[in-house]
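Subject: the structure we talked about

Hi,

Here is the structure I promised to pass on. My notes follow below it; have a look at the model first and then read on.

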Amino acid sequence: MIFNSAIISSNSFYRAELASFLAPVVGQMESKWERCHSALANGWDPAKFHSNCDNRKHTVTIIKKGPYIFGGYTDIPWESSSTGRWGKTLKAFIFSLSNSKALPPFKCLAKDKEGAIYLNSNEGPSFGQGPSLFIAYPVSRSKAGIDNPYKVPKEVNNVDPRQVLANTKWNFSPDNYEVFYLA
C-alpha cells in the first residue's frame, strides 16, 4: 500500500502490517492512499480535520505518541454534526503498530456496528463508544483506549485495554496524527 505518511513511511514493517490490516476491508494490497489531514501540517482544530476529510469513505487514521503508533479505520465517511451521532459499521477497526506493552501489532474489530465511530464537529477522528479512541480539542483531552464496540484480541487479554495504546488510561496529547483516504 502506498502511504506518504510522516509517521510510518520510514518503517517498512509498520507499512506492511497496516497493509495486512487494511487488505480485507479494501480488497487490495496495492492501493494508493491520499492524505487529507495532518495535525502538524494542517493544525489540531477539528474544524480543519472536518473540512479536509468529511465525506471521504475508507479512511485510516494514524496516531503517534512518543514511540507508540496506533489508530483506526472506517469505511463510512466522517461528517460534521453539531450534536454528535454514532456512525454504524462492522468494517471499522482500531489497530496498534507499536504499543506500551511491547505486544506485536494487532487490530480490534467492531463486534457490533452500533457506535463504531463518533461523528461530532467538535472532535477529530473518534472510534468507539465513549468514544474510546479519539482526538479531542484541546488535544490534551484526547483518549487512546479500546472499548465497545471493539473486541480486544487475545494478545491484549492480559493487559488493560484502556492503557495499551498510549501507556495511559486517562487523557493524552498525541505528537501527531494523519488521516488518509483510499484514492
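Ile 94 sits opposite Cys 108 of strand β6. This is a predicted model, so please read everything below in that light. The two strands involved, β5 and β6, are antiparallel and joined by four bridges. Strand β6 (residues 106-109) has an alternating pattern: Phe 106 and Cys 108 face one way and are buried, whereas Lys 107 and Leu 109 face the other way and are not. Cys 108 has a relative accessible area of 0%, so it counts as buried. From the other face of the strand, Lys 107 lies over the face of Phe 93, 4.7 Å from the ring centre.

Strand β5 covers residues 93-98, and Ser 98 belongs to it. Is Ser 98 buried or exposed? Its relative accessibility is 14%, so it counts as buried. What does its side chain find there? A polar atom of the Ser 98 side chain lies 2.8 Å from the backbone oxygen of Pro 67. Leaving out neighbours within four places in sequence, Ser 98 is in contact with Tyr 14, Pro 67, Tyr 68, Ile 69 and Leu 165.

The loop between β5 and β6 holds Ala 102. Its phi is near 55°, a positive value in a residue other than glycine. Most residues other than glycine have a negative phi, and most peptide bonds are trans. Ala 102 is exposed, at a relative accessible area of 73%. Asn 55 also has a positive phi, near 70°. That residue is in the loop between α3 and β2 (59-65), and at 65% relative accessibility Asn 55 counts as exposed.

On the peptide bonds, two cis cases are worth a look. One runs from Tyr 137 to Pro 138, with omega near 5°, and Pro 138 is in the loop between β9 and β10 (143-144). Another joins Asn 148 and Pro 149, where omega is about 5°; Pro 149 is in the loop between β10 and β11.

Now the helix side. Val 25 is in helix α1 (residues 12-26). With a relative accessible area of 19%, against a cut-off of under 20%, Val 25 is classed as buried. Beyond its neighbours within four places in sequence, Val 25 is in contact with His 58, Tyr 73, Lys 91 and Phe 93. Take Phe 93: the two residues are 68 apart along the chain, yet their C-alpha atoms are separated by 9.9 Å.

Phe 93 turns up again among the aromatics. Ring pairs link Phe 21, Tyr 73, Phe 93 and Phe 95 into a cluster. How many aromatic pairs does the whole structure have? A search finds eleven. One of them is Trp 44 with Tyr 177, a tilted pair with 5.8 Å centre to centre and 55° between the planes. This pair links distant parts of the chain, 133 residues apart: Trp 44 is in the loop between α2 (39-42) and α3, and Tyr 177 is in strand β11 (residues 176-182). Trp 44 is partly exposed, with a relative accessible area of 22%, while Tyr 177 is buried at 0%. There is also a charge over a ring: the charged end of Arg 56 sits over Tyr 181, 4.0 Å from the ring centre.

For the sulfurs, a search of the whole structure gives one disulfide. Cys 36 and Cys 53 form it, with their sulfur atoms 2.2 Å apart. The link is right-handed, with 105° about the S-S bond. Cys 36 lies in strand β1 (residues 33-38) and Cys 53 in helix α3 (residues 46-53), so the disulfide ties together parts that are 17 residues apart in sequence. Cys 36 is buried, with a relative accessible area of 9%, and Cys 53 is buried too, at 0%.

Last one: Pro 131, in the loop between β8 (126-127) and β9 (133-134). What does Pro 131 touch, not counting residues up to four places away in sequence? The answer is Tyr 118, Glu 123 and Ser 126. Pro 131 and Tyr 118 are 13 residues apart in sequence and 6.8 Å apart from C-alpha to C-alpha. At 9% relative accessibility, Pro 131 counts as buried.

Cheers

Key: Residues numbered from 1 in each chain as written. Predicted model: local features only at pLDDT ≥ 70, side-chain atom pairs only at ≥ 80, totals over all residues. Heavy atoms only, no water. Buried < 20%, exposed > 50% of the residue type's maximum accessible area, 1.4 Å probe, protein only. Contact = heavy atoms within 4.5 Å. Disulfide = S-S within 2.5 Å. Polar contact = N/O pair within 3.5 Å; in protein donor to acceptor, adjacent residues only side chain to side chain. Pairing = 2+ DSSP bridges. Phe/Tyr/Trp six-rings, centres within 6.5 Å; stacked < 30°, edge-to-face > 60°. Lys NZ or Arg CZ within 6 Å of the ring centre and 35° of its normal.
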